[in-house]
Amino acid sequence: MINRRHIRVKVMQSVYAMAQSKNDDLVREEKFLKHSILKMFDLYVLNLQLLVEVQKFAAKKIALSKKKILATQEDLKPNTKFLDNTLINAIAESISLESYLEVNKINNWSLDNEYVKIIFDDLVKSDLYKKYLAIEEQSFKQDKAFVIDFFKEIIAPNEKLADYFEDKMITWVDDIPFVNTWVVKSLSKQKEGKPFILGTLYKDKDDEDFVSNLFRKTVLKQAEYQKEIEEKTPNWEADRIAGIDMILIKMAITEFVNFASIPTRVTINEYIEISKDYSTTKSSYFINGVLDKISKEFIANKKIVKIGRGLI
């Protein structure tokens with residue numbers, strides 16, 4: 001599921017896109033923001049489905065080998081350990097996965113099956129695959145460990161697959177690392193003998209509402225927050241402050257004032273961490289300094305009111 005940090009990143013990107021395009025259509029941009037988050041679930045599902053499609057591809061290869069005129073003993077009695085993998089079979093039999101694919105008309109791996117072959121070829125050549133087939137015993141624990149490693153070592157790092165995903169949806173560029181972690185967590189949580197159920201996009205309604213509220217309140221109060229920032233940075237012209245830094249500070253101020261259950265220090269730390277990935281090398285220090293000044297002033301003026309102990 002999407003976490004608060006990634007929600008903040010998605011909101012930051014939408015606020016930045018509005019600023020760059022000089023677009024003031026709040027409703028339209030909010031719809032795109034929510035759409036881009038929804039599409040993350042497609043990426044999550046495609047990665048899980050890919051495991052199943054690679055297994056199906058392996059089954060077809062084995063079936064064709066048996067039909068060879070000069071079939072070898074290995075062709076006639078192949079190692080089917082990969083086809084018998086209990087975790088991949090659970091995913092293949094998942095009603096929630098099948099329903100999502102059908103309802104959303106997702107058929108990427110049928111249309112672009114060359115990527116299934118690419119992953120299969122990389123798998124077959126790997127030591128991971130050879131060692132797995134060499135183990136005679138079959139257990140769910142062993143099957144799960146193999147699938148997780150298969151995803152982490154072969155699917156997730158594949159550059160051709162990453163390029164494919166980026167071509168399909170531009171917003172997936174930044175979503176891929178997050179979704180990869182999400183897939184690994186889903187695989188790790190699976191229990192033996194239990195049906196495989198897709199994860200949920202949001203933890204709860206609060207997280208879903210957090211998307212709209214953070215985005216709207218930041219955009220609508222930008223001019224007001226700009227003045228607050230300029231007052232705390234007298235030695236800086238506004239156009240000298242990195243665009244991303246300005247947006248992150250405005251988003252943090254929005255959280256200070258409007259989200260009573262989020263501790264002030266948590267907000268500051270979150271935006272410092274985001275700046276390390278998306279802004280300049282010195283941005284984290286700058287953002288920390290500005291937000292520290294603003295938070296202290298807002299607390300003194302009672303503009304920041306938090307609910308619960310230790311939230312300031």
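This is a walk through one predicted model, from the whole chain down to single residues.

Start with the overall picture. The protein chain has 16 helices and 0 strands. Its C-alpha trace spans about 85 × 40 × 35 Å along the principal axes. Of the 312 residues in the protein chain, 47% are buried. Now take the contacts in the protein chain with a separation of 6 or more. Residues 24 or more positions apart account for 79% of them.

Next come the aromatic rings. A search of the whole structure gives 17 aromatic pairs. One of them joins Phe41 and Trp182. Their ring centres are 5.6 Å apart and their planes stand at 70°. An angle over 60 degrees counts as edge-to-face, so the Phe41 and Trp182 pair is edge-to-face. This pair links distant parts of the chain. Phe41 belongs to helix α2, while Trp182 sits in helix α11, residues 172–189. The two are 141 residues apart. Both Phe41 and Trp182 are buried. For Trp182 the relative accessible area is 5%, which is why this residue is classed as buried.

Trp182 has another ring partner, Phe178. Here the centres are 6.3 Å apart, and the planes make an angle of 50°. That pair is tilted. Phe178 and Trp182 are 4 residues apart in helix α11, so about one helical turn separates them. Phe178 is buried too, because its relative accessibility is 14% and the cut-off for buried is under 20%. Step back, and a cluster appears: ring pairs link Phe41, Tyr44, Tyr100, Phe178 and Trp182.

Tyr100 leads to helix α5, residues 95–103. Leu97, Tyr100 and Leu101 are its buried residues. Viewed down the axis of α5, the buried residues fall within an arc of 95°, so they line one face of the helix. The other side of α5 has Ile95, Glu102 and Val103, which are exposed. Just after α5, Lys105 adopts a positive phi of about 50°.

Helix α2 also holds Glu53; the helix covers residues 26–66. Is this glutamate buried or exposed? Glu53 counts as buried, because its relative accessibility is 16%. What does Glu53 touch, once its neighbours within four places in sequence are set aside? Its contacts are then Trp109 and Val116.

Helix α8 comes next, at residues 127–134. Leu128, Tyr129 and Tyr132 are buried there. Seen down the axis of α8, the buried residues lie within an arc of 95°, so they line one face of the helix. The face turned away from this buried side carries exposed residues: Asp127, Lys131 and Ala134. What do the buried residues of α8 pack against? They pack against α7, residues 114–125, and α9, residues 140–155.

Look at the α7 side of that packing. The axes of α7 and α8 come within 4 Å and cross at roughly 65°. From α7, Leu123, Val124 and Lys125 take part in the contact. From α8, Asp127, Tyr129 and Lys130 meet them. The residues of this contact divide into 3 nonpolar, no polar and 3 charged. Tyr129 thus appears twice, because it is a buried residue of α8 on the lined face and also a member of the contact with α7.

Tyr132 of α8 brings in a charge over a ring. Lys81 lies over the face of Tyr132, at 4.9 Å from the ring centre. There is a further case with an arginine. Arg4 lies over the face of Phe210, at 4.2 Å from the ring centre.

Finish with a loop. Ser261 lies between α14, residues 243–258, and α15, residues 264–278. Ser261 counts as exposed because its relative accessibility is 58%, and exposed means over 50%. How far apart are the C-alpha atoms of Ser261 and Gly243? They are separated by 28 Å, with the two residues 18 apart along the chain.

Technical notes
Residues are numbered from 1 along each chain as its sequence is written. This is a predicted model: local features need pLDDT of at least 70, side-chain atom pairs count only at pLDDT 80 or more; totals for chains, interfaces and linings use all residues. Side-chain values use heavy atoms; hydrogens and water are left out. Buried means under 20% relative accessible area, exposed over 50%, partly exposed in between (1.4 Å probe, protein chains only). Contact means heavy atoms within 4.5 Å. Rings of Phe, Tyr and Trp (its six-membered ring) pair if their centres lie within 6.5 Å; planes under 30 degrees apart count as stacked, over 60 as edge-to-face and the rest as tilted. A charge sits over a ring if NZ of Lys or CZ of Arg is within 6 Å of the ring centre and within 35 degrees of the ring normal. The arc is that of the directions from the helix axis to the C-beta atoms. Axes are lines fitted to C-alpha atoms, for helices over the stretch in contact, and angles run from 0 to 180 degrees between N-to-C directions. Ala, Val, Leu, Ile, Met, Phe, Trp, Tyr, Cys and Pro count as nonpolar, Asp, Glu, Lys and Arg as charged, and the others, Gly among them, as polar.
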